[in-house]
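Please open the model in a viewer and keep the sequence panel visible. The tour below proceeds by selection, one region at a time.

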Amino acid sequence: MLDLFSGLDTHVAITLMLSLGFVLAFEFINGFHDTANAVATVIYTQSMKPRLAVFYSGVCNFLGVMSGGLAVAYAIVHLLPVDLLISVNTSRGMAMVFALLAAAILWNLGTWYLGLPASSSHTLIGAILGVGVANSFINNTSLSHGINWGKAIDVGASLLVSPIAGAMMAGLIVILLRRFRPRSNVHKTPYQRQQVEGRKHPPFWTRFMLIVSAMGVSFAHGSNDGQKGVGLVMLVLIGIVPAKFVLNLDSTPYQLERTRDAAQHLQQFYQRHEADLSKIIVKSTSTSQYECHPQQTVATADQLLKLMGDGNDYHTLSASQRWDVRTQLLCLDDAAKKAADLPKLSSDDKQLLSNLRKDLTTTTEYAPTWVIVAVALALGIGTMIGWRRVVKTVGEGIGKKDMTYAQGVAAQTTAAVSIGLASWFGFPVSTTHVLSSGVAGTMIADKAGLQMSTVRSIALAWLFTLPASMGLAAGLYYLAAHWF
């Protein structure tokens, strides 16, 4: 990281600092915006003191980012159309990063100020889709090319299904606790326990489970939401200092050999299925250097293999050659994805294309350790600030009755497990939506009722987040594209 700014012109260095600051600001806001949900129940039930809870939550968020991998990071990045990804080193690419981050930050701050558990993930995804839509209008291209719809549908499904599943699972846990431990103190609220027994804290094992599940939610949140910041930082670095970050310069000889092999096998696949592929791939008449041409996959693979040669080190390539290699790898990956749409494709061929895509992106989908640490610190520190507004909403505002210990344990355990699984499989989900819906599910299961005014506000925030962030990002991108 120390040599990041070496050799850069002053205006480039300033642009880089501002852009990185923008991304880290988004993650900082994400910390106090989303992670408040993770500590809401443990604070509300007086299982931990607020300062201690947010401190440990921040630490768990940090650890979650550090160990979360990169599957979610690049699932978010690949929502963008390929033509934007291969032009991110231009003014258009910088306008894209500025627009989506500014839109996400503005909406996050607004919903946080109102105390609404809106989702940073939902916001960021909406902003990315807005940029894709605006890019289509600017270039007079079809919306089918402006957004990676396949990835968008997958991400949308995960955002929709996860809160529903969270509500059902959390409600089921409460029902089971009511059935098998009907007289347990776990069904008391903090107020009831203090009034009846004169004790401030929940019973030992209940308190233990509340603390463990809260820290589990924090860890899972870091492993999922932190990756989104990592992906955005990489977009900034690739766009402003491509010579250093456009490819993983620390790639091993084995990884480079796998990349070459993947290009050759994809080339052979296209040659074998040329007739069938010609029916599903529309030939483009565009001559833009910022557009992939799947019908030219064989030629693209040839160009890549010539550029890479027999070398085992990306350092031997010039800055422009590195960019060309990245562009060709992204285009070949896009070609492999399109080839998977062939009708009557055998399971072996589908598995082959999946493996080829992994090998083609192994040296482009990466992140240096300092990037992960910086995002982890921003998210962790942000966790320790601004949590009060959302804690009150989650603890008292969702149900007509105050939250019981059992409801807190059920909602948090469900959130920790479901978010952790989503991170493992590379699906971006919303900590806010999963936990809030979990609390609502426990209230319904306990027949405590719901405060419809709060539920309505959360639902409206969920409903309007996507179009609002899309509109903001699209407008900002349109202005920034013409400004730059």
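The stops that follow cover the nonpolar core, the salt bridges and a nonpolar surface patch of this predicted model.

**The nonpolar cores**

Begin by selecting Met96, Leu100, Val131, Leu237, Leu266 and Tyr314; within the largest nonpolar core, which has 93 residues, these touch the most other members. Next, colour helix H5, residues 91-113, which gives the most to this core, with eleven residues. Then centre the view on Leu266. Leaving aside residues up to four places away in sequence, Leu266 touches Thr297, Leu332, Ala335, Ala336, Leu353, Leu356 and Leu360. A separate, second core consists of 15 residues, including Val217, Ala415, Ile419 and Val434.

**Salt bridges within single helices**

How many salt bridges does a search of the whole structure find? The search finds six. Select Lys228 and Asp225 for one of them; their closest N and O atoms are 2.8 Å apart. Both residues lie in helix H10 (residues 204-240), three residues apart, or about one turn of the helix. Is Lys228 buried or exposed? Lys228 is buried because its relative accessible area is 2%, under the 20% cut-off. Asp225 also counts as buried, at 0% relative accessibility.

Move to helix H12 (residues 253-272), where Arg260 and Glu257 are placed three residues apart, about one turn of the helix. Their side chains meet in a salt bridge, with an N to O distance of 2.9 Å. Arg260 is buried at 7% relative accessible area, whereas Glu257 counts as partly exposed at 36%.

**A salt bridge between helices**

Remain at helix H12 and add Arg258 together with Asp359 of helix H16 (residues 347-361); the pair ties together parts that are 101 residues apart in sequence. The closest N and O atoms of this salt bridge are 3.0 Å apart. Asp359 counts as buried, at 14% relative accessibility, and Arg258 is partly exposed, at 33%. Now select Asp334, Lys337 and Lys338, which are joined into one network by salt bridges that share partners.

**The nonpolar surface patch**

Finally, display the surface and select Leu52, Phe55, Tyr56, Val59, Leu63, Phe219, Leu377, Ile381, Met384 and Ile385, which make a nonpolar patch of about 850 Å². Two elements, helix H2 (50-67) and helix H17 (369-383), give two or more residues to the patch. Which of the elements provides the largest share? Helix H2 does, with five residues. End at Leu377, which is in helix H17 and counts as partly exposed at 43% relative accessibility.

Terms used. Residues are numbered from 1 along each chain as its sequence is written. This is a predicted model: local features need pLDDT of at least 70, side-chain atom pairs count only at pLDDT 80 or more; totals for chains, interfaces and linings use all residues. Side-chain values use heavy atoms; hydrogens and water are left out. Patches are made of residues with over 30% relative accessible area and no salt bridge: like charges are joined within 9 Å, nonpolar side chains (Val, Leu, Ile, Met, Phe, Trp, Tyr) within 5 Å. Accessible areas come from the Shrake-Rupley method with a 1.4 Å probe; for residues, only the protein chains shown count as cover. A salt bridge is a side-chain nitrogen of Lys or Arg within 4 Å of a carboxyl oxygen of Asp or Glu. Helices (H or I, at least four residues) and strands (E, at least two) are DSSP runs, numbered from the N terminus. Buried means under 20% relative accessible area, exposed over 50%, partly exposed in between (1.4 Å probe, protein chains only). A nonpolar core is a set of buried Ala, Val, Leu, Ile, Met, Phe, Trp, Tyr and Cys residues joined through side-chain atoms within 4.5 Å. Contact means heavy atoms within 4.5 Å.
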